[in-house]
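Trainee: Could you walk me through this structure with a few questions and answers? I'd like to see how each answer is reached.

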Amino acid sequence: QVQLVESGGGLVQPGGSLRLSCAASGSIFSINAMGWYRQAPGKQRELVATSTSGGNTNYADSVKGRFTISRDNAKNTSHLQMNSLKPEDTAVYYCNADLLLSGGSYYFRYWGLGTQVTVSS
């Protein structure tokens, strides 16, 4: 069974930092893109950052210069370093990954269950 599990969320003061991690496990043959999304109460889920297997990255304008996505392909993990956090960054953060499973023919997108990030004084 394939799982994506996020960790590292919590409560932080404005201006602080958090590092989120996402670990993919199961019968994974290959990972293409990995990404982070977030959903604040009453709002739609939105893109935060993505990373291709080749190392190209993309960020939402609201987090550029503050957040950094990275990945460890050998460990099937993705990280989101979040600095200079603002109250408006408060949301549930979800990771996703486009996975090719062992014996499979196509990549499918899998999602984690999310981790809460709260930025408040």
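Trainee: Let's start with Ala60: is Ala60 buried or exposed?

Mentor: Keep in mind that this is a predicted model. Ala60 sits in the loop between β6 and β7. Its relative accessible area is 15%, and buried means under 20%. So Ala60 counts as buried.

Trainee: How far apart are the C-alpha atoms of Ala60 and Gly104?

Mentor: Along the chain, Ala60 and Gly104 are 44 residues apart. In space, the separation of their C-alpha atoms is 32 Å.

Trainee: Now for the open sheet of four strands: what is the strand order?

Mentor: Its pairing is antiparallel. The edge strands, each pairing on one side only, are β1 (3-7) and β7 (67-72). Ignoring direction, neighbouring strands of this sheet are turned by 15 degrees against each other on average. Reading across, the order is β1-β3-β8-β7.

Trainee: Take the β1 edge. Which residue in β3 is the bridge partner of Gln3?

Mentor: β1 pairs with strand β3 (residues 18-25) in the antiparallel sense, over five bridges. Gln3 belongs to the uncovered face of β1, along with Val5 and Ser7, while Leu4 and Glu6 make up the covered face. The bridge partner of Gln3 in β3 is Ser25.

Trainee: And at the other edge, which residue in β8 stands opposite Phe67?

Mentor: β7 and strand β8 (residues 77-82) run antiparallel and are joined by six bridges. Another residue of β7, Ile69, has Leu80 as its bridge partner in β8. For Phe67, the residue standing opposite in β8 is Met82.

Trainee: Which residues form the covered face of β7?

Mentor: Split the strand into its two faces. Thr68, Ser70 and Asp72 are on the uncovered one. That leaves the covered face, with Phe67, Ile69 and Arg71.

Trainee: Which residue takes a positive phi in the hairpin of β7 and β8?

Mentor: This hairpin has four residues between the strands. The residue we want lies in the loop between β7 and β8 and is not a glycine, yet its phi is near 55 degrees. That residue is Asn76.

Trainee: Ser84 has a positive phi too, I see. Is Ser84 buried, exposed or partly exposed?

Mentor: Ser84 is in the loop between β8 and β9 (91-101), and its phi is about 50 degrees although it is not a glycine. For the second part, its relative accessible area is 43%; exposed would need over 50%, and buried under 20%. So Ser84 comes out as partly exposed.

Trainee: What about the hairpin of β4 and β5: which residue in its turn has a positive phi?

Mentor: Strand β4 (residues 28-39) is joined by five bridges to strand β5 (residues 46-51), and the two run antiparallel. One bridge pair is Tyr37 with Leu47 in β5. Six residues lie between these strands, and the one in the turn with a phi of about 80 degrees is Gly42.

Trainee: And which residue plays that part in the turn between β5 and β6?

Mentor: Three bridges join β5 to strand β6 (residues 57-59), again antiparallel. Thr50 stands opposite Asn58 in β6. There are five residues between the strands, and the turn residue with a positive phi of about 100 degrees is Gly55.

Trainee: Back to Tyr37: why is the pair of Tyr37 and Trp111 edge-to-face?

Mentor: The count of aromatic pairs here comes to one. Its ring centres are 5.1 Å apart, and the pair links distant parts of the chain, with Tyr37 in β4 and Trp111 in strand β10 (residues 107-111), 74 residues apart. Tyr37 is buried at 18% relative accessible area, whereas Trp111 is partly exposed at 35%. Planes over 60 degrees apart count as edge-to-face, so the pair gets that label because its planes are at 65 degrees.

Trainee: Last one: what is the volume of the largest pocket?

Mentor: Its lining has 13 residues, with Arg38, Lys43, Glu46, Glu88 and Asp89 nearest the centre. By class, that lining has two nonpolar, four polar and seven charged residues. The pocket's volume is about 190 Å³.

Note on methods. Residues are numbered from 1 along each chain as its sequence is written. This is a predicted model: local features need pLDDT of at least 70, side-chain atom pairs count only at pLDDT 80 or more; totals for chains, interfaces and linings use all residues. Side-chain values use heavy atoms; hydrogens and water are left out. Two strands pair if DSSP finds at least two bridges between them. Axes are lines fitted to C-alpha atoms, for helices over the stretch in contact, and angles run from 0 to 180 degrees between N-to-C directions. On a 1 Å grid over the protein atoms alone, a cavity is a set of points where a 1.4 Å probe fits but cannot get out, and a pocket is an open set with protein on both sides within 12 Å along at least five of seven lines; lining residues have an atom within 4 Å of a point. Grid points are joined across faces, edges and corners, and a volume is the space filled by probe spheres set on the points. Ala, Val, Leu, Ile, Met, Phe, Trp, Tyr, Cys and Pro count as nonpolar, Asp, Glu, Lys and Arg as charged, and the others, Gly among them, as polar. Buried means under 20% relative accessible area, exposed over 50%, partly exposed in between (1.4 Å probe, protein chains only). Rings of Phe, Tyr and Trp (its six-membered ring) pair if their centres lie within 6.5 Å; planes under 30 degrees apart count as stacked, over 60 as edge-to-face and the rest as tilted.
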